[in-house]
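Got your viewer open? Set the display to cartoon, keep the selection box handy, and let's go for a walk.

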Amino acid sequence: MADLGAACLWMALALATYSCVASVAGELRGSPALLDSGRKASYVLVVVVLVSTLSLVQSFIARDFSLAYVAAHSNLAMDNIYTWVAFYAGNEGSLLYIAFALSAMAALAIWLAPASTRPTLPWTVAILMLIEVFFLAVMAFMANPFQKLPFPVPDGQGINPLLTHFGMFFHPPALMAGLVGISIPFSFALGGLIGGRAGDEWIDAGRAWGVGIWALLASGLLLGSWWAYTILGWGGFWFWDPVENAAFMPWIALTAFVHSIMVQKRRGMFRMWNIVLINVAFGFALYGMFMNRGGPVPSVHSFGASTLGWVFLLFLAFGVIVPLAIFFWRYDLMRSAQRLDSMLSREAAFLINNLLLLGIAFATLWGTVYPLLSRLFAEQEITVARPFFDQVNGPLMLALVLLMGVGPLLPWRRANLQSLRRALLLPGAAALATVAVLLAVGIRQPYAVIGFALCALVTTSILAEWTRGTISRRRSVGDNPVVGFVRLMMANRPRYGGYVVHLAVVMVALGVVGQSFYGVQRDVVLFPGEDVTVGNYRMMYVDTTALAFADRTEYRATVEVYRDGEFLDVMHAQRTFHPDHNMASTRAAIRSTPVEDFYVVPSENREDGAVGFRILVNPLVWWMWVGGPVMILGTVIALWPSGAPARRPVVAATAAGAAD
């Protein structure tokens, strides 16, 4: 299987190279046969990379320790269920996964390409295949997952203990596929520029793939937060870690893009701006992959030191400079069909939204790279900690939430103050009522009060829009409220799907504000039978059971939890020591409700029988995890296809493009 996988890897490199070259040559020579051949090669590429991927997975299942990568990331004691996680636990396997994800998404994007993009589709294919060639070449020449050891070893080193978590089945694949998936809308945009079609031809494909990849990245970020919350033991979900930031920045830039491209679709505006945004998002994605593979900033999320950093740095430079040069080359072709009529309009709200998002992205970038710059120029490393990010990005994020509530209420082109005042009357009243209630119950932290009030404003504005639309349908066509609401959603899927996504963002914001400002933490050491009071809770430590396994020892602590004197639950928290890695991992015991989480994690097991515990009460965190499925639902609604004319055959359209 290893030999088959290695052979398929080289075959994939040849296919991707051929597809890229054939697409460019076919377009330049006007050869439909070459264009068709290059396009079909991209389809075959998916099968070949899939066989290579399955070969590596099978090598893990068979515990083929003749492969250096398998020996480094698994052992005989590893549960088979973690085979998929071990597959992408290091550089080599994760690169193979990225190559497969990109090949699959590229083939789907090429096959489903809208008719408007077909004249420039060969350039899109060439760009996608060029990116694929990079990943395949890095594996073939520098990080081959099928490289064999001089002689097989009897057992491997084992998987990183922090990766033995349910979230690892989804968090890394979602983030890696999301980062490389930004290549799809990027390639449609850049392919249009190279082909001299710099208008609105690519925006349908750009919007659909942009929204889909945005949701994939958002899911990966939320799952990563959940992983950190449950296993790292520090009781939080975000720490502004350099690699966290490296995934967050392209998501922020893509958020700006998926909003801005709607203005281009509706009004023919922001053409240059959207090209800039997708280029920025792609550059941030390349930076994220660089930080994960040999980047100079240490992180709990990275793959550790490797020799690949300089290769990804060069590709990052190439991926930023070349698109920028093409942008200036085609600058005169990108003039917008319309101009901004008024700063009091939905278009202006989208523009301000974009500027705030880019402000967050570049502030995060500055905080991330500042330690490197200080080391380079001041010969001392100055670390930028969480307070910097919170103080700079916090107000910008609050302003974004405000725009989420106000922007959709503004009409296109031009609004007047009277109509805006009328639209904001109910949401504004809800926000003021929220402030009054919070102050009455003793909540006076300014940022928290503002945050909760803005969440109320956004939620009320969305519910009011839905209510008005449903009532209007009932009056005009006689729909009952439920049927009318569903038909309202389906009548304008992008708009109302976006509203659902905005509700998901409100849910995440509730969790962030609640935990950040009103979380309670206490560190204690308890003997069996002792208890401690934290807020309204009382926790009694019962005992600890030690379970010995071949590669680890698990210490499972049992505690009883009471609230206001009433028994709530028996909870089990776990601390595991892995001698081969000289590492301890934890599993927090969490009792989660919509109001708050009671969170317990053991920090140490002492020889005298006492156990150290970290106990937290985290308000509203439950809403963060609910926001994820709601966001996926909104994305599905926004992307769900409406009745459309049949798709033109790709080969005919490609040939027509060549004839042009």
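Here is a tour with a few stops, one selection at a time. Keep in mind as you look around that this is a predicted model.

**Stop 1: helix 17**

Select residues 481-491, which make up helix 17. Which residues of helix 17 are buried? Color Gly484, Leu488 and Met489, because these are the buried ones. Now turn the view until you look down the axis of helix 17: the buried residues fall within an arc of 135°, so they line one face of the helix. Why does that sort of spacing work? An α-helix has 3.6 residues a turn, so residues three or four places apart point the same way.

Next, bring up what lies over that face. The cover on the buried residues of helix 17 includes helix 16 (446-477), helix 18 (493-518) and helix 19 (622-639).

Before you leave, zoom in on the start of helix 17 and show Asn480 as sticks. One of its side-chain oxygens comes to within 3.1 Å of the backbone nitrogen of Val482.

**Stop 2: Lys148 and Asp3**

Time for salt bridges; the structure has 14 of them. Select Lys148 and Asp3 for one such pair, with the closest N and O atoms 3.2 Å apart. Where do the two partners sit in the chain? Asp3 belongs to helix 1 (residues 2-29), while Lys148 is in the loop between helix 6 (121-141) and helix 7 (171-181), which puts them 145 residues apart. Switch on the surface here: Asp3 is exposed, at 53% relative accessible area, and Lys148 is partly exposed, at 45%.

**Stop 3: Arg271 and Asp200**

Now pick Arg271 and Asp200, whose side chains form a salt bridge at 2.9 Å, N to O. Arg271 is in helix 11 (residues 271-292) and Asp200 in the loop between helix 8 (183-194) and helix 9 (203-231), so this pair ties together parts 71 residues apart in sequence. Is Arg271 buried or exposed? With 14% relative accessibility, Arg271 counts as buried. Asp200, at 27%, is partly exposed.

**Stop 4: Lys265 and Asp204**

Move on to Lys265 and Asp204, another salt bridge, this one at 2.7 Å from N to O. The pair links helix 10 (residues 242-267), home of Lys265, with helix 9, where Asp204 lies, across 61 residues of chain. Both count as partly exposed: Lys265 at 45% and Asp204 at 38%.

**Last stop: a little network**

Finish by selecting Asp36, Arg39 and Lys40 together. Salt bridges with shared partners join these three into one network.

Key
Residues are numbered from 1 along each chain as its sequence is written. This is a predicted model: local features need pLDDT of at least 70, side-chain atom pairs count only at pLDDT 80 or more; totals for chains, interfaces and linings use all residues. Side-chain values use heavy atoms; hydrogens and water are left out. Buried means under 20% relative accessible area, exposed over 50%, partly exposed in between (1.4 Å probe, protein chains only). Helices (H or I, at least four residues) and strands (E, at least two) are DSSP runs, numbered from the N terminus. The arc is that of the directions from the helix axis to the C-beta atoms. Contact means heavy atoms within 4.5 Å. A polar contact is a pair of N or O atoms within 3.5 Å; within protein, one must be able to donate a hydrogen and the other to accept it, and residues adjacent in sequence count only if both atoms are side-chain atoms. A salt bridge is a side-chain nitrogen of Lys or Arg within 4 Å of a carboxyl oxygen of Asp or Glu.
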